[in-house]
4 protein chains.
Amino acid sequence: MKNIKVAVLGATGFTGEKLIEILLNHPKVEINYISAVVEKAASFSSIFPHFKGKLDLICDNLDLKKAASADVIFLSLPHRVSFLYAPYFLDKGKVVIDLSADYRLHDTKVYKDYYGIEHKDKNNLKQAVYGLPEFFKPKIKKAKLIANPGCYPTVSILSLAPLLKEGIITKDDIIIDAKSGITGAGRKAALDYHYAHLNQNLKAYKVFGHQHLPEINQVLGEITKSKIDLQFSPHLVPMERGILITVYAKLKKKVSFKAIQSVYKKYYQNAPFVRVFDCLPSLKDVIQTNYCDIGFALSEKRLVIVGCIDNLIKGASGQAVQNMNIIFDWDEALGLG
Amino acid sequence: MKNIKVAVLGATGFTGEKLIEILLNHPKVEINYISAVVEKAASFSSIFPHFKGKLDLICDNLDLKKAASADVIFLSLPHRVSFLYAPYFLDKGKVVIDLSADYRLHDTKVYKDYYGIEHKDKNNLKQAVYGLPEFFKPKIKKAKLIANPGCYPTVSILSLAPLLKEGIITKDDIIIDAKSGITGAGRKAALDYHYAHLNQNLKAYKVFGHQHLPEINQVLGEITKSKIDLQFSPHLVPMERGILITVYAKLKKKVSFKAIQSVYKKYYQNAPFVRVFDCLPSLKDVIQTNYCDIGFALSEKRLVIVGCIDNLIKGASGQAVQNMNIIFDWDEALGLG
Amino acid sequence: MKNIKVAVLGATGFTGEKLIEILLNHPKVEINYISAVVEKAASFSSIFPHFKGKLDLICDNLDLKKAASADVIFLSLPHRVSFLYAPYFLDKGKVVIDLSADYRLHDTKVYKDYYGIEHKDKNNLKQAVYGLPEFFKPKIKKAKLIANPGCYPTVSILSLAPLLKEGIITKDDIIIDAKSGITGAGRKAALDYHYAHLNQNLKAYKVFGHQHLPEINQVLGEITKSKIDLQFSPHLVPMERGILITVYAKLKKKVSFKAIQSVYKKYYQNAPFVRVFDCLPSLKDVIQTNYCDIGFALSEKRLVIVGCIDNLIKGASGQAVQNMNIIFDWDEALGLG
Amino acid sequence: MKNIKVAVLGATGFTGEKLIEILLNHPKVEINYISAVVEKAASFSSIFPHFKGKLDLICDNLDLKKAASADVIFLSLPHRVSFLYAPYFLDKGKVVIDLSADYRLHDTKVYKDYYGIEHKDKNNLKQAVYGLPEFFKPKIKKAKLIANPGCYPTVSILSLAPLLKEGIITKDDIIIDAKSGITGAGRKAALDYHYAHLNQNLKAYKVFGHQHLPEINQVLGEITKSKIDLQFSPHLVPMERGILITVYAKLKKKVSFKAIQSVYKKYYQNAPFVRVFDCLPSLKDVIQTNYCDIGFALSEKRLVIVGCIDNLIKGASGQAVQNMNIIFDWDEALGLG
């Protein structure tokens with residue numbers, strides 16, 4: 001028996017589409033509303049034929065009232081748009097899970113620096129809970145507004161937080177070299193995403209100024225109760241899906257492989273979606289899953305951590321569902337394979 | 001010593017870009033003008049960084065007068081645009097090599113059916129020479145206006161014409177199943193060409209109505225002096241470059257493998273860019289070359305021919321240069337690797 | 001409650017791996033034995049890290065007795081190997097679902113022609129049921145030995161059988177131009193499957209002699225009660241997964257689009273995994289699913305049918321599970337998404 | 001007029017194949033001998049059909065005497081093999097250009113540590129010249145034995161040497177995060193290089209122990225006359241060709257963007273194959289070229305350098321030809337596009 005109604009706003013983006021795919025397999029929910037910016041209303045399966053026979057709901061431009069018929073509102077909206085609609089649903093007592101960046105950064109000045117406009121809902125920002133279950137589950141349970149983490153921050157924080165908190169590595173000199181597939185950039189009609197431009201190509205972008213950097217610093221700072229200011233360089237790789245990060249850190253003192261593994265295991269023993277490996281993980285093993293795989297290599301003074309996720313699942317829609325599961329006190333892994 | 005000046009109009013499309021790359025390596029020509037629809041004038045190497053140190057010419061919106069300073073005008077323009085500018089250059093006595101479809105079809109009614117608008121230069125259409133050197137070299141030598149063949153027609157005609165002309169196969173029941181990489185569709189910012197939509201995808205399109213079908217029928221008809229009405233089904237394959245066609249034909253009577261090879265060899269013994277194989281060719285062997293590779297397999301009554309080309313080279317820019325070489329009485333293969 | 005034990009022999013091939021992935025999500029079965037040719041026994045998750053936390057069963061060389069502890073034995077073995085082991089399990093009354101070709105062809109002479117050796121289990125061959133649920137469900141329900149269909153035959157038969165049976169198209173002049181991703185060839189360490197050889201490549205292979213041709217002819221012949229002798233040309237496309245076929249057929253007489261759709265719908269109205277489209281389907285829409293998508297285009301005299309499947313799911317492991325579901329009288333779609 | 005005869009040993013590896021392709025376009029040389037480990041002698045174009053009509057020379061197992069008929073011997077051999085044959089050709093006064101690692105490391109103990117066996121030609125090792133033209137041209141001019149640089153070292157040294165030598169960055173805390181396509185690993189029949197294993201995958205490997213690390217340290221040490229001990233982490237990316245490195249370094253003191261560019265330009269103003277960019281370079285712009293493209297991004301204290309090359313050209317065969325050109329006092333760029 002399905003007992004919760006959910007709405008997905010922004011159903012035609014990569015995360016919206018994937019979210020709907022996951023929700024359709026979820027035993028406790030029913031999708032009863034979807035919307036997107038469309039020229040004219042159309043059944044979802046006519047927009048995405050792979051949903052034929054699975055979801056024939058009509059996808060139309062947003063109608064707030066209709067959307068509010070659901071119990072949970074997923075906002076798979078662009079940054080700078082979510083905070084225009086979240087207040088409406090929060091006022092009506094709905095659970096809002098926002099996959100955009102709009103409620104992630106506490107400091108609205110930093111928001112403006114990185115997203116270019118003034119924050120439009122400073123009021124609800126305060127109650128937003130950062131939806132990284134491995135570190136904030138107690139708060140998530142009680143949340144009404146989830147700021148679902150960014151893709152890069154998810155894997156970065158999961159890879160670094162335990163070692164930082166336990167004082168294994170120094171806070172300075174942390175470098176994250178991140179490699180991402182194309183869907184991380186969203187579904188846009190642009191020459192930059194043309195197959196012929198991306199195939200057999202590779203490039204770094206926003207090397208000192210990616211908008212996920214302050215998010216990583218803020219959350220790692222909260223977890224470790226200290227100021228974190230790491231270096232983050234994202235790269236675009238010719239793949240459809242997935243993020244793999246290579247983290248360079250310095251050991252505070254010599255430490256054994258086993259000791260580091262113990263730290264990770266202590267933090268993630270009850271985390272159904274973090275897997276700690278004896279070797280360096282390969283991206284392909286997390287594709288189409290909600291897992292974050294972590295491994296590392298060690299020298300006398302230095303540590304290299306490799307973490308990876310599917311950006312659309314653990315890095316977005318899977319984690320959003322994981323957060324919903326926690327809020328409704330269901331098995332955290334329900335519907336997530 | 002460079003002795004001919006060339007202009008490339010439409011320099012930022014896939015064929016324009018590739019044409020410039022080829023022309024830069026050509027020992028007899030100098031590129032002295034390039035244009036494209038741009039927001040503001042910029043050096044070509046700032047638009048395409050791979051030309052840095054090779055071509056710093058400014059690329060600006062078309063200025064007919066400046067373009068006319070060249071001896072040869074390559075029109076790498078979209079269909080329905082070339083015929084707006086060709087007359088200007090022809091009037092000035094320039095050699096015009098048009099890579100669009102505008103001067104390929106003799107019948108302007110068919111043109112309208114397939115390209116959707118009235119032909120705007122019926123006058124010059126009559127003098128246009130179809131630039132397939134393997135069959136029309138004498139005419140090309142004397143041409144002022146070359147209708148450079150389409151990519152699918154190039155490989156289709158080269159694969160079929162000898163066998164049709166020699167009466168090896170029947171004219172009825174010819175089916176061409178064509179598979180093309182993405183660049184065949186031109187450089188456009190559209191979701192259809194998004195990496196994530198094309199990767200791991202495959203589809204047929206315009207199955208009974210592709211605009212290259214009447215071109216293939218017309219030219220094969222001319223070569224064989226009979227009416228040809230074949231079936232043509234193009235497919236989009238997750239690759240950047242290249243076309244491979246699989247042709248299904250019926251033998252008029254039983255014939256040996258050797259006999260068919262002899263026919264091909266007779267027609268192509270002096271063609272520097274057609275290679276006839278003992279086995280079925282692989283697409284990769286023609287990528288980055290001006291070759292058309294052809295092979296076939298035989299049963300009692302049926303013949304399967306496989307032909308392949310690089311759509312941007314033999315299927316467009318390489319062939320355009322081959323035509324120029326012929327017009328200027330240079331070695332047909334000059335600058336073509 | 002899990003109530004059936006299953007064993008997977010050949011667990012490390014592409015189909016074995018995918019089968020285990022599907023079975024792990026199946027609510028009614030428990031995998032209690034897996035084997036493969038290995039140098040030494042190892043946990044499955046150490047061989048395929050993506051199974052970490054999901055299946056830690058030991059994978060060792062085949063031990064018939066241990067395997068026989070299961071109720072259903074899936075043979076994901078190479079051709080020419082399955083028939084060495086199937087008799088043992090059949091003798092013990094087990095249900096055997098063979099994913100190899102060993103029990104598909106009735107005529108052992110044809111088997112020898114195409115697979116190169118004498119058939120080793122002519123005895124059980126007679127009781128084998130061809131596991132294409134859309135046409136043979138009644139027999140499958142009672143089967144002890146399932147010959148799970150080949151990937152090309154699955155999509156070919158589903159695309160053609162209704163139209164042949166209803167006399168819409170002629171039996172002669174049917175051509176199947178098939179395009180497959182790499183996994184269709186099995187997991188082998190060979191230069192032919194090297195990334196650099198396949199990327200940006202495309203080729204036809206076994207044009208008149210592919211081993212799936214007699215399988216297609218035999219089954220279509222049975223369904224239509226007539227002799228079928230079609231033409232089949234497979235191609236290798238630079239993709240990991242999936243098959244798309246383009247079928248060329250001749251109409252017996254002029255027929256409407258709707259009429260053809262009605263035929264398909266009549267045959268597949270109760271088939272949960274065949275979807276008939278108004279337009280030509282794209283391969284990507286069936287990837288990671290058990291669907292076979294079918295569409296077609298029509299001219300006066302000719303029909304082009306496009307069908308596609310995920311070769312590892314509907315073309316192998318998903319269909320094997322579908323067959324198991326039918327045998328045990330469960331929902332045909334159980335565990336198949 | 002061709003005036004130099006060259007032999008290519010190891011003609012069927014990726015670098016051998018590419019070397020032959022380059023040499024065929026070189027106006028001053030004639031390939032008069034090729035060899036490889038083959039089952040039986042065969043024309044090169046039958047092994048690699050794309051050479052049909054270009055090189056029909058027979059490729060057979062190595063015959064030292066025949067090879068010695070050439071003036072220049074290119075060894076595209078595996079590591080641990082080159083030093084078995086180089087002495088023979090050096091004794092005969094031939095120019096030997098070795099593309100393996102056998103003559104790159106001065107310290108034979110380090111060689112043994114990283115390549116696993118004792119060095120077999122310590123004698124000639126002393127006269128070997130490291131073939132990185134941008135830094136060692138005077139020595140290359142007089143060399144008889146060229147140790148052609150590794151792919152990762154080429155781009156790493158070119159990216160770092162000027163800044164290290166000018167004291168812009170500190171010697172400590174240099175990290176190279178390298179990303180490479182598949183051909184870097186050589187042409188081997190192994191599951192690791194199977195298309196289905198590499199596609200949509202990404203992984204780090206040999207994080208603290210790659211054999212190119214001592215080569216980079218040694219050469220940077222020589223150029224800067226100091227001990228270099230940097231950190232190097234290679235990654236395998238789903239691409240056929242190319243290497244892009246992201247270098248993390250610390251500035252000795254605050255420095256302007258212009259100042260760093262001036263340093264690069266000073267070092268590379270006469271280097272025809274190093275291009276310094278105002279922005280971060282993209283890999284695709286160097287593919288199929290002998291260029292090394294370099295760009296960088298700057299913060300107060302930190303520098304990120306991005307460098308890229310085509311591993312088979314500037315990282316191997318193109319550079320080998322560049323070295324030959326220098327030795328014979330030809331234009332350094334002759335035959336290199």
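# Exercises on a predicted four-letter chain set

The contact surface of chain A and chain D buries about 3,200 Å², and carbon and sulfur atoms give 60% of that area. The model is predicted.

**Exercise 1. Describe the side of chain A that touches chain D: which residues lose the most area, and how do the residues divide by class?**

Step 1. Start with the contact count. Chain A places 40 residues in contact with 40 residues of chain D.

Step 2. Rank by area lost. A:Gln200, A:Leu202 and A:Lys284 lose the most to chain D. Together they account for 22% of what the chain A side buries.

Step 3. Count the polar links. The interface of chain A and chain D holds 30 residue pairs in polar contact, both residues at pLDDT 80 or more.

Step 4. Map the side onto secondary structure. Several elements of chain A each supply at least two residues, among them strand E9 (175-180), helix H9 (195-198) and strand E12 (243-250). Strand E14 (292-298) and strand E15 (302-309) are also included.

Step 5. Sort by class. The chain A side has 20 nonpolar, 11 polar and 9 charged residues.

**Exercise 2. How many salt bridges cross the interface of chain A and chain D? Give one pair with its distance.**

Step 1. Apply the cut-off: a side-chain nitrogen of Lys or Arg within 4 Å of a carboxyl oxygen of Asp or Glu.

Step 2. Read the count. The rule finds 6 salt bridges between chain A and chain D.

Step 3. Take one pair. D:Arg302 forms a salt bridge with A:Asp173. Their closest N and O atoms are 2.7 Å apart.

**Exercise 3. Characterise the interface of chain D and chain C by area, polar links and residue class.**

Step 1. Get the area. Chain D and chain C bury about 1,600 Å² between them, 65% of it on carbon and sulfur atoms.

Step 2. Find the main contributors. D:His194, D:Tyr195 and D:Glu240 supply 41% of the area that chain D buries against chain C. No other three residues supply more.

Step 3. Count residues. The contact takes 19 residues from chain D and 19 residues from chain C.

Step 4. Check the charged links. Chain D and chain C share 0 salt bridges. Polar contact does occur, in 8 residue pairs with both residues at pLDDT 80 or more.

Step 5. Locate the chain D side. Helix H9 (residues 195-198) of chain D gives the largest share, 4 residues. By class, this side has 11 nonpolar, 5 polar and 3 charged residues.

**Exercise 4. Is B:His26 buried or exposed? Which partners does its side chain reach?**

Step 1. Place the residue. B:His26 sits in the loop between helix H1 (14-24) and strand E2 (29-35) of chain B.

Step 2. Test accessibility. Buried means under 20% relative accessible area. B:His26 has 0%, so B:His26 is buried.

Step 3. List the partners. The B:His26 side chain makes a polar contact with the side chain of B:Asn325 at 2.8 Å. The B:His26 side chain also reaches the backbone oxygen of B:Leu334 at 3.5 Å.

**Exercise 5. What radius of gyration does chain A have, and what would a compact globule have?**

Step 1. Take the chain length. Chain A has 337 residues.

Step 2. Compare. A compact globule with 337 residues would have a radius of gyration near 20 Å. Chain A has 20 Å, so the two values agree.

Step 3. Add the box. The C-alpha atoms of chain A fill roughly 60 × 45 × 40 Å along the principal axes.

Step 4. Look inside. Buried residues make up 64% of chain A. Among contacts between residues at least 6 apart in sequence, 69% join residues at least 24 apart.

Step 5. Close with the elements. Chain A comes to 12 helices and 15 strands.

Key
Residues are numbered from 1 along each chain as its sequence is written. Chains are lettered from A and ligands numbered from 1 in the order in which they are written. This is a predicted model: local features need pLDDT of at least 70, side-chain atom pairs count only at pLDDT 80 or more; totals for chains, interfaces and linings use all residues. Side-chain values use heavy atoms; hydrogens and water are left out. Contact means heavy atoms within 4.5 Å. Buried area is the accessible area (1.4 Å probe) that two parts lose on being put together, summed over both. A polar contact is a pair of N or O atoms within 3.5 Å; within protein, one must be able to donate a hydrogen and the other to accept it, and residues adjacent in sequence count only if both atoms are side-chain atoms. Ala, Val, Leu, Ile, Met, Phe, Trp, Tyr, Cys and Pro count as nonpolar, Asp, Glu, Lys and Arg as charged, and the others, Gly among them, as polar. Buried means under 20% relative accessible area, exposed over 50%, partly exposed in between (1.4 Å probe, protein chains only). The radius of gyration is taken over C-alpha atoms; the globule rule is 2.2 Å times the number of residues to the power 0.38.
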